[in-house]
Amino acid sequence: MLNAEIVNKDEEIIKLVNEILANAVKENVSDIHVEPKETYTQVRYRLNGVLHIPEGYDKIPKKLHSYIIDRIKVLTGTMKRDVNNRPQDGKLRMKIQGEEIDFRLLILPTIFGETVNLRILKTEELFTVEGIFNGDKELVKKFYDNITKPEGMILFTGLAGSGKTNTMATAINLISDVGKKIITIENPVEFGMETITQMQVRNQVGSTSANLLSATLRADADMICISEFKDYDTALLAFESSMQGHMIFSTMLTNNAVDALFRCTHMGIKEYLSGSVLQLILNSKLAKRVCKHCKEEKKYSKASLKAIGLTDDEIRNNKFYKGKGCKKCDNTGYKGRIAIMEMLEFTTDLREAFINGADKKQITKLAKKEGVYYTHKDDAIKKLKGGFIDLETARMFTL
Ligand SMILES: [Zn+2]
């Protein structure tokens, strides 16, 4: 049994627990799990229904486990520290980034020690479909209609750390809810989800992405998700499989949606193949969100708003906002992040043009003309009008 004095003096444990809670709040997760395994302790965060291992907390030494649990119990002030063989409920409140955050706790005894689940009671839902598209019903419907198609391919693109994997996880989560069989091939497995079958690529034992994919094609899956096309063999197999009637999701590192289409060609995929099976390409970038605690109306000059593409009507009929700076945002006027999305859908004309050799510029122009290319600029203007971002941020996506 732990000695309370030792634990309280152990600054390392106090710091570790504080960090685990604070980082979870910063990342906007809904739950924190501290799970004892046989030889180590795992911390996992749940973001939009999906578990992942946060950076820096992979395999915490097992000898720290009971100290971590004890520290958490101390923070609640009510949980029994000398009880470790039966479930306990509790609550705790902590000041994180100037804000009082409430957690609800459940501790359960397991064969490897006590496991704790902390639910954060007030979180922003950045990566729900409504969150991604800020409740825009038309965009949410387009997204949903495309991801639930029986066959084809959806690409979730963006630069590193742009939220593309989260957007894909959101889509998977949405589909798994409607009872479809989903298999993922990942390297590494980033998200843990209970309702889907996940496989880890292990090149050294012959479980390459391509091998796993060809095996998966024989399984009765409604949807196959490949974490990223890193080689031609996997990409080709994925495109051929969607041609033969599978729905495939994958991610790609690109700056925008049209670039992703041409990246397929650069990888060696023939235009007739990618041009036939792609259903939707999404691209996400993250932007600084106006702090909701200190946001106030801002009168921008008409010229500066016109310069990024707003019409006279839009300027007249909308209010614009900016953060003044407060304690909660460290006087920056920004708090949290928001996804600025792109969505490219495929029409028959667009497919034909691409297969017949149209270049990036022509594809972009045609897609806009057909009304199937919702761009970063469109989304940034929408989010500026919604008061989620300020003009300075919107400019980064509109010029
Ligand atoms: Zn503020």
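Into which domains is the protein divided? In this predicted model, the protein falls into domain 1, covering residues 4-120, and domain 2, covering residues 129-398, and the C-alpha centres of domain 1 and domain 2 lie 33 Å apart.

**The whole protein**

The protein contains 16 helices and 18 strands, and its C-alpha atoms fill a box of roughly 75 × 60 × 30 Å when this is taken along the principal axes. A compact globule of 399 residues would have a radius of gyration near 21 Å, and the protein has 24 Å, which agrees. Buried residues make up 38% of the 399 residues. If one takes the contacts in the protein with a separation of 6 or more, 63% of them are accounted for by residues 24 or more positions apart.

**The eight-stranded sheet**

One open sheet has eight strands in the order β11-β9-β12-β13-β8-β14-β17-β18, and its pairing is mixed. Its edge strands are β11 (197-200) and β18 (373-374), each of which pairs on one side only. Helix α5, made of residues 137-147, packs on this sheet and touches β8, β14 (278-290), β17 (334-345) and β18, while the direction of α5 makes about 55 degrees with that of β17. Within the sheet, β12 and β13 pair in the parallel sense over four bridges, and M223 stands opposite M247 in β13.

**Two helices and their surroundings**

Helix α8 has 12 residues and reaches 16 Å from its first C-alpha to its last, close to the 16 Å expected at 1.5 Å a residue. The buried residues of helix α8 and of helix α15 are set out below.

| Helix | Residues | Buried residues |
|---|---|---|
| α8 | 232-243 | T234, A235, L237, A238, F239, S241, S242 |
| α15 | 376-385 | H376, D379, A380, I381, K383, L384 |

What covers the buried residues of α8? The cover includes the strands β8 (152-158), β12 (223-226) and β13 (247-253), together with the helices α7 (209-216) and α10 (271-277). Three of these elements, namely β8, β12 and β13, are also strands of the eight-stranded sheet. For α15, the cover of the buried residues includes β14, β17 and β18, along with helix α16 (391-398).

Each of these two helices is followed by a glycine with a positive phi: just after α8, G245 takes a value of about 110 degrees, and after α15, G387 has a phi near 80 degrees.

Conventions
Residues are numbered from 1 along each chain as its sequence is written. This is a predicted model: local features need pLDDT of at least 70, side-chain atom pairs count only at pLDDT 80 or more; totals for chains, interfaces and linings use all residues. The expected span of a helix is 1.5 Å times one less than its number of residues. A residue is buried if 20 or more other C-beta atoms lie within 10 Å of its own, exposed if 12 or fewer, and partly exposed in between; C-beta atoms are placed from the backbone. Two residues are in contact if their C-beta atoms, placed from the backbone, lie within 7 Å. Domain bounds come from an automatic or database domain assignment. Two strands pair if DSSP finds at least two bridges between them. Axes are lines fitted to C-alpha atoms, for helices over the stretch in contact, and angles run from 0 to 180 degrees between N-to-C directions. The radius of gyration is taken over C-alpha atoms; the globule rule is 2.2 Å times the number of residues to the power 0.38.
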